[in-house]
Amino acid sequence: MKCEEKEESSKAKMKYSDIISTLPRENGWTTSNSLYQYQGFWYPSLFLESIISTQEHFKAQPTDLIVCSAPKSGTTWLKALTFAITTRNQFNESTNPLLTTIPHECIPLLEYDLAKNPTYRPPKLPLLATHLPYTSLPRSILACGCKILYVCRDPKDTFVSLWHFACKLGPKDAQYLPLEKAFEQFCKGISAYGPYWDHALGYWKASLECPERVMFLKYEDMKRDTVFHVKRLAEYAGQPFSMEEEMEGVPQRITELCSFEHMSNLEVNKSGKHRPNSPMAINNSMYFRKGIVGDWKNHLTTEMIELLDQITEQKLGGSGLTFHVSSSP
Ligand code: PAP
């Protein structure tokens, strides 16, 4: 790094830590991590500097396709599907990078991977990803009219998934919030990139206002009929399947390649590490737990279920956004 660049970067760091020092803070779900409230949402301390920097510096291009989600609502799956769909003419079944690379390495995260290099684009790939809420997206994304994909999941399953993930995160000696405490925090909106409902609602409203620019998907619907959604995604990405591809079963093969059963059994996803040698190093296997709809029935009490459903109704009622999953345990 040149001298002036070094100076710029340390000035920016100081500016960001000044901003962060004024923000409301809460304990995170592990002892080693705090959450800060910024622009109405709670963010892990490790991400905050790069989030602010990304908001300032990222320049979207009209051809970008941004995969958006709150954590644990189907990101890994949607990344795999969109990657497989948009690169289907570049690779064959034995050379597909998804066989040897976790989807998170195939599609970079704006607020981490692009924070230091905001103009980077993966070669021959229109895809980028973010967990940022709609209202906090870098302005250039909204201004340039590029397309956005959002996946959302029943808050009960997202909570259970998030809690399991938090329990495996961090150093071995870190203390984790018991499920009951994490549940209280989640209900108050204090979870990574939460309040979860506000996150979903921002994209939901944008998708109603501008369906050609924001496509809203639900994990549960995708599970119910994945092939149908693979075709919708291909159309939305501007790469619809040809009659020939449909006859050859390409949408079905992409569905199979990206299925939980297939992906979770790949060696890279069983034993590899995401971002090795960084403070954010994570075992790839942590992104693949059960991959089902309704695991909340095995973890939440009747009272917890009622409370979460009530909050969901209060927050989303009247918006048209619902989760058609029976809440009886
Ligand atoms: P992230 O936001 O940290 O990237 P994300 O992928 O959104 O995580 O969420 C992980 C969940 O998606 C896990 O759910 P679970 O804890 O309820 O099991 C994970 O199992 C599930 N998941 C990962 N890959 C797939 C897939 N290919 N198909 C379906 N679900 C999947």
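**View 1. Q252 sits partly exposed on helix α13.** In this predicted model, Q252 is partly exposed, with a relative accessible area of 40%. Its home is helix α13, which covers residues 250–257. Look for K231 as well: Q252 and K231 are 21 residues apart in sequence, and their C-alpha atoms are 9.6 Å apart in space.

**View 2. The whole protein chain, for orientation.** Step back for a moment and you'll find 16 helices and nine strands in the protein chain. Its C-alpha trace spans about 60 × 60 × 45 Å along the principal axes. How does the radius of gyration fit with a compact globule? For 329 residues, such a globule would have a value near 20 Å, and the protein chain has 20 Å, so the two agree. Buried residues make up 54% of the 329. Take the contacts with a separation of 6 or more: 71% of them are between residues 24 or more positions apart. On the outside, the accessible surface comes to about 15,800 Å², and 53% of that belongs to carbon and sulfur atoms. As for charge, there are 36 positive and 37 negative side chains, and the centres of the two sets lie 3 Å apart.

**View 3. Helix α8 and what covers it.** Helix α8 runs over residues 179–187, and its buried residues are L179, A182, F183, Q185, F186 and C187. What covers these buried residues? The cover includes strand β1 (25–27) along with helices α7 (155–168), α9 (196–209) and α16 (302–316). Just after α8 comes G189, with a positive phi of about 90°.

**View 4. The loop between α8 and α9.** Follow the chain on and you reach Y193, found in the loop between α8 and α9. Y193 isn't a glycine, yet it has a positive phi of about 65°. Is Y193 buried or exposed? With a relative accessibility of 2%, Y193 counts as buried. P195 lies in this loop between α8 and α9 too, and the peptide bond leading from G194 to P195 is cis, with omega near 5°.

**View 5. K124, out in a loop.** Here's another non-glycine residue with a positive phi: K124, at about 55°. Look for K124 in the loop between α5 (110–113) and β5 (127–130). K124 is exposed, with a relative accessible area of 68%.

**View 6. D64 and its contacts.** D64 is placed in the loop between α2 (45–57) and β4 (65–69). Although it's a loop residue, D64 is buried, with a relative accessible area of 3%. Which residues does D64 touch, once neighbours within four places in sequence are left aside? The contacts are F58, R121, P126, L128, C146 and K147.

**View 7. Cysteines without a disulfide.** A disulfide is a covalent bond between the sulfur atoms of two cysteines. The structure holds zero of them. C144 is in no disulfide, and the nearest cysteine sulfur, that of C146, is 3.8 Å away. For a pair to count, the sulfur atoms would have to be within 2.5 Å. C144 is partly exposed, at 23% relative accessible area. Why is C167 without a bond to the closest cysteine sulfur? That sulfur belongs to C187 and is 16 Å from the one in C167, which is too far for a bond. C167 is partly exposed, with a relative accessible area of 24%.

Note on methods:
Residues numbered from 1 in each chain as written. Predicted model: local features only at pLDDT ≥ 70, side-chain atom pairs only at ≥ 80, totals over all residues. Heavy atoms only, no water. Helix = DSSP H or I, 4+ residues; strand = E, 2+ residues; numbered from the N terminus. Rg over C-alpha atoms; globule rule 2.2 N^0.38 Å. Buried < 20%, exposed > 50% of the residue type's maximum accessible area, 1.4 Å probe, protein only. Contact = heavy atoms within 4.5 Å. Areas by Shrake-Rupley, 256 points an atom, 1.4 Å probe, with all protein chains shown as cover. Lys, Arg positive; Asp, Glu negative; His and termini not counted. Charge placed at Lys NZ, Arg CZ, Asp CG, Glu CD.
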